[in-house]
Amino acid sequence: MSEKREHAEPFPDSGRRSLRADCERCFGLCCVAPAFSASADFAIDKDAGKPCPNLQADFRCGIHNRLRQQGFPGCTVYDCFGAGQKVSQVTFGGQDWRRTPHIAGQMFEVLTIMRQLHELLWYMTEALTLQPARPLHGELRRALDETERLTHNSPDDLVELDVTAHRRNVNALLLRTSELVRAGAPRHGIDHRGADLIGKDLSGADLRGATLRGAYLIGANLSGADMRMADLIGADFRGADLSGADLTDSIFLTQSQLDAANGDPNTKVPPSLTRPTHWVSSPHDQST
């Protein structure tokens with residue numbers, strides 16, 4: 001089998017449009033629902049359900065174009081996978097939490113659940129494009145259809161949903177998908193699932209076909225690393241150096257993971273994702 005991953009069909013970006021955040025149709029839910037603490041990611045403490053002080057009356061962020069400079073890089077890497085507009089416009093029919101405050105608590109709770117369902121939809125949509133995973137496409141389509149059906153449940157039903165169990169079942173299917181895809185890579189036996197690789201020097205590493213599921217790669221040096229056909233689901237790339245790395249055929253990589261890392265013009269990313277705007281030069285250049 002060729003080392004390069006093949007797609008069963010052109011990447012169905014049109015099928016993912018509803019899984020991309022549309023802040024214009026959301027009521028600033030990600031600026032209210034989550035809690036965060038003052039850290040390298042956030043400049044202040046904020047309780048869950050309390051609006052961020054930067055949230056304006058029109059549900060826009062007052063410092064959207066200056067988030068990193070103002071100490072809020074955590075906001076720039078958050079991805080709701082389109083759950084925000086789904087909850088705002090579909091689940092709650094366009095009612096916002098300011099004008100109808102009695103729905104606020106449930107609305108914020110539903111966002112957490114909806115985001116998980118939409119994230120699963122994102123991964124399954126990608127899995128259905130992978131040629132080596134064709135034997136699983138029937139199961140994947142059924143799981144995707146069931147997950148999509150769940151996203152249209154009422155607020156009460158969504159709150160009662162055992163989303164952990166549903167994630168477990170879908171994740172088992174995604175793991176089987178990963179194994180089929182990675183079997184065609186020269187070094188598919190590399191297993192770094194959940195590994196603590198914080199700050200590790202992995203520059204130039206051959207990670208083709210490796211599993212880096214849930215690995216902690218915070219601040220790791222992955223410059224020039226080859227991660228084609230690597231499973232990157234849930235890997236934490238905050239502050240990682242991806243300059244010159246090749247992620248073109250990696251699987252289950254998300255935009256938020258790229259946004260959390262540092263890269264340069266030589267970093268190769270999947271065609272379905274966007275090169276972050278802060279990748280203007282290599283991290284080494286930025287520090288000099």
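Contact here means heavy atoms within 4.5 Å. With that in mind, a good place to enter this predicted model is Lys200, which sits in the loop between helix H6 (163-182) and helix H7 (255-260). Leaving aside neighbours within four places in sequence, Lys200 is in contact with Ala220 and Asn221. The relative accessible area of Lys200 is 42%, so the residue counts as partly exposed. Lys200 can also be placed relative to Lys268: the two are 68 residues apart in sequence, and their C-alpha atoms lie 21 Å apart in space.

A contrasting setting is found at Trp122, a residue of helix H3. Trp122 counts as buried because its relative accessibility is 2%, where buried means under 20%. Not counting residues up to four places away in sequence, Trp122 touches Arg16, Leu19, Arg20, Phe81, Leu253, Thr254 and Leu273. The chain also brings Trp122 and Phe252 to a C-alpha separation of 8.5 Å, although their positions lie 130 residues apart along the chain.

Phe81, one of the residues touched by Trp122, deserves a look of its own. Phe81 belongs to the loop between helix H1 (73-76) and H2, and with a relative accessible area of 1% it is buried. Its backbone has a positive phi, near 55°, in a residue other than glycine. Met229 offers a second case: this residue is not a glycine, yet its phi is positive at about 65°. Met229 lies in the loop between H6 and H7 and is buried as well, with a relative accessible area of 2%.

Helix H2 comes next. Seven of the nine residues of H2 are buried, so this helix is largely enclosed by the rest of the structure. The buried residues are Ala83, Gly84, Gln85, Lys86, Val87, Ser88 and Thr91. What lies over them includes helix H3 (104-127), H4 and H5. Just after H2, Gly93 takes a positive phi of about 55°.

Among the buried residues of H2 is a charged one, Lys86, whose relative accessibility is 10%. Side chains of opposite charge can pair when their charged atoms come close. Lys86 forms a salt bridge with Glu148, and the closest N and O atoms of the pair are 3.7 Å apart. This pair links distant parts of the chain, since Lys86 is in helix H2 (residues 83-91) and Glu148 is in helix H4 (residues 137-151), 62 residues apart. Glu148 is partly exposed, at 29% relative accessibility, whereas Lys86 is buried.

The model holds 16 salt bridges in total. Another of them joins the side chains of Arg228 and Asp226, with an N to O distance of 2.5 Å. Here Asp226 is buried at 16% relative accessibility, while Arg228 is partly exposed at 24%. The side chains of Asp236 and Arg238 also meet in a salt bridge, with 2.8 Å from N to O. Asp236 is buried, with a relative accessible area of 16%, and Arg238 is partly exposed at 36%. Salt bridges that share partners join Asp206, Arg208, Asp226, Arg228 and Asp246 into one network.

Charge also gathers on the surface without such pairing. Glu109, Asp156, Asp157 and Glu160 form a negative surface patch, and residues in a patch have no salt bridge. Helix H5 (residues 155-160) gives the most to this patch, with three residues. Asp157, one of the patch residues, lies in helix H5. Its relative accessible area is 44%, so Asp157 is partly exposed, and this value meets the requirement of over 30% for patch residues. Helix H5 thus appears in two places in this account: among the elements that cover the buried residues of H2, and as the element that gives the most to the negative patch.

Terms used. Residues numbered from 1 in each chain as written. Predicted model: local features only at pLDDT ≥ 70, side-chain atom pairs only at ≥ 80, totals over all residues. Heavy atoms only, no water. Patch = residues over 30% accessible without salt bridge, like charges linked within 9 Å, V, L, I, M, F, W, Y side chains within 5 Å. Areas by Shrake-Rupley, 256 points an atom, 1.4 Å probe, with all protein chains shown as cover. Salt bridge = Lys/Arg side-chain N within 4 Å of Asp/Glu carboxyl O. Lys, Arg positive; Asp, Glu negative; His and termini not counted. Charge placed at Lys NZ, Arg CZ, Asp CG, Glu CD. Helix = DSSP H or I, 4+ residues; strand = E, 2+ residues; numbered from the N terminus. Buried < 20%, exposed > 50% of the residue type's maximum accessible area, 1.4 Å probe, protein only.
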